[in-house]
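Please open the model in the viewer and keep the selection panel at hand. The tour proceeds from a pair of helices to a sheet and the helices that pack on it.

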Amino acid sequence: MAPRGRRPKPPRHLVDLAPEERVAAVEELGHSPLRAKQLATHYFTHLTTDPERMTDLPAAGRTELAEALLPSLLSPVRTLQADKGATVKTLWRLFDGVSVESVLMRYPNRATLCISSQVGCGMACPFCATGQLGLTRNLSVAEVVEQVRMAAASLEAGEVAGGPGRLSNIVFMGMGEPLANYKAVIGAVRRFVDPAPSGFGMSARNVTVSTVGLVPAID
Ligand code: SF4
């Protein structure tokens with residue numbers, strides 16, 4: 001049982017680990033260190049965590065590796081569509097039963113995902129419904145990045161009105177004050193912009209961190 005007052009952490013996930021930690025993790029499981037890069041390529045380039053699609057990994061170990069290092073972190077609870085399906089808002093349930101939202105907005109020349117960085121928010125901006133909830137907890141790097149991978153995979157699979165496409169922009173304007181969860185947000189931004197197989201290889205100019213102005217974090 002977790003100590004009183006301390007929240008359990010999300011399951012270990014490849015995205016939370018540095019490259020050398022990924023190698024150590026696959027070796028601990030008795031697999032070749034090469035599997036770390038292959039798993040990262042499936043995640044960041046092929047946008048999948050499904051071992052059935054990882055046909056370059058030995059069949060005997062791919063399910064074990066995916067379950068150990070790419071566990072499910074977000075489950076969709078509800079989706080709402082607007083603009084004839086070009087805007088999709090998803091409510092996600094996390095491993096501990098709490099929820100966050102992300103919103104995918106497709107335009108003729110770009111697709112933007114608005115993501116959450118915290119469950120609730122401690123900033124209490126008077127105009128904001130999330131602010132009235134108070135802060136429940138910070139998201140981990142992988143919980144932030146999973147919002148992006150799942151939206152990008154959905155776009156690529158043609159599940160969003162307008163046919164198959166690519167996610168081009170990310171904005172931290174969902175639940176939470178990103179700079180109040182600075183370490184995880186910076187870790188997530190690195191995964192967005194790092195080239196494959198360490199990240200999605202997005203342009204840094206297309207990633208926007210929106211803040212109410214948490215001055216100590218900006219300094
Ligand atoms: S910082 Fe953002 S999420 Fe938090 S209360 Fe203010 S507007 Fe809402």
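Begin with helices H1 and H2, where H1 passes H2 in a right-handed crossing. The model is a predicted one. Select residues 19-28 for H1 and residues 34-44 for H2; their axes come within 8 Å and cross at roughly 115°. Angles of 65 to 115 degrees count as roughly perpendicular, and H1 and H2 are therefore roughly perpendicular to each other.

Next, display the side chains at this crossing. From H1, show Arg22, Val23 and Val26, which meet Arg35, Ala36, Leu39, Ala40 and Phe44 of H2. The residues of this contact comprise six nonpolar and two charged, with no polar ones.

Now turn to the sheet. Six strands form an open sheet in the order E1-E2-E3-E4-E7-E8, and their pairing is mixed. Select E1 (75-82) and E8 (207-209): these strands stand at the edges with a single partner strand each, so one side of each is left without a neighbour in the sheet. On average, neighbouring strands of the sheet are turned by 15° against each other, direction ignored.

Add E2, residues 87-93, which pairs with E1 in the antiparallel sense over seven bridges. Within this pair, proline 76 stands opposite tryptophan 92 in E2.

Then select helix H5, residues 141-156, which packs on the sheet and touches E2, E3 (99-106), E4 (111-114) and E7 (169-172). The direction of H5 makes about 40° with that of E3.

Finish with helix H6, residues 182-193, which also packs on the sheet, touching E7 and E8. The direction of H6 makes about 170° with that of E8.

Key. Residues numbered from 1 in each chain as written. Predicted model: local features only at pLDDT ≥ 70, side-chain atom pairs only at ≥ 80, totals over all residues. Heavy atoms only, no water. Pairing = 2+ DSSP bridges. Helix = DSSP H or I, 4+ residues; strand = E, 2+ residues; numbered from the N terminus. Axes fitted to C-alpha atoms, helices over the stretch in contact; angles between N-to-C directions. Contact = heavy atoms within 4.5 Å. Parallel < 35°, antiparallel > 145°, perpendicular 65-115°, else oblique. Left-handed = near helix turned anticlockwise from the far one by under 90°. Nonpolar A, V, L, I, M, F, W, Y, C, P; charged D, E, K, R; others polar.
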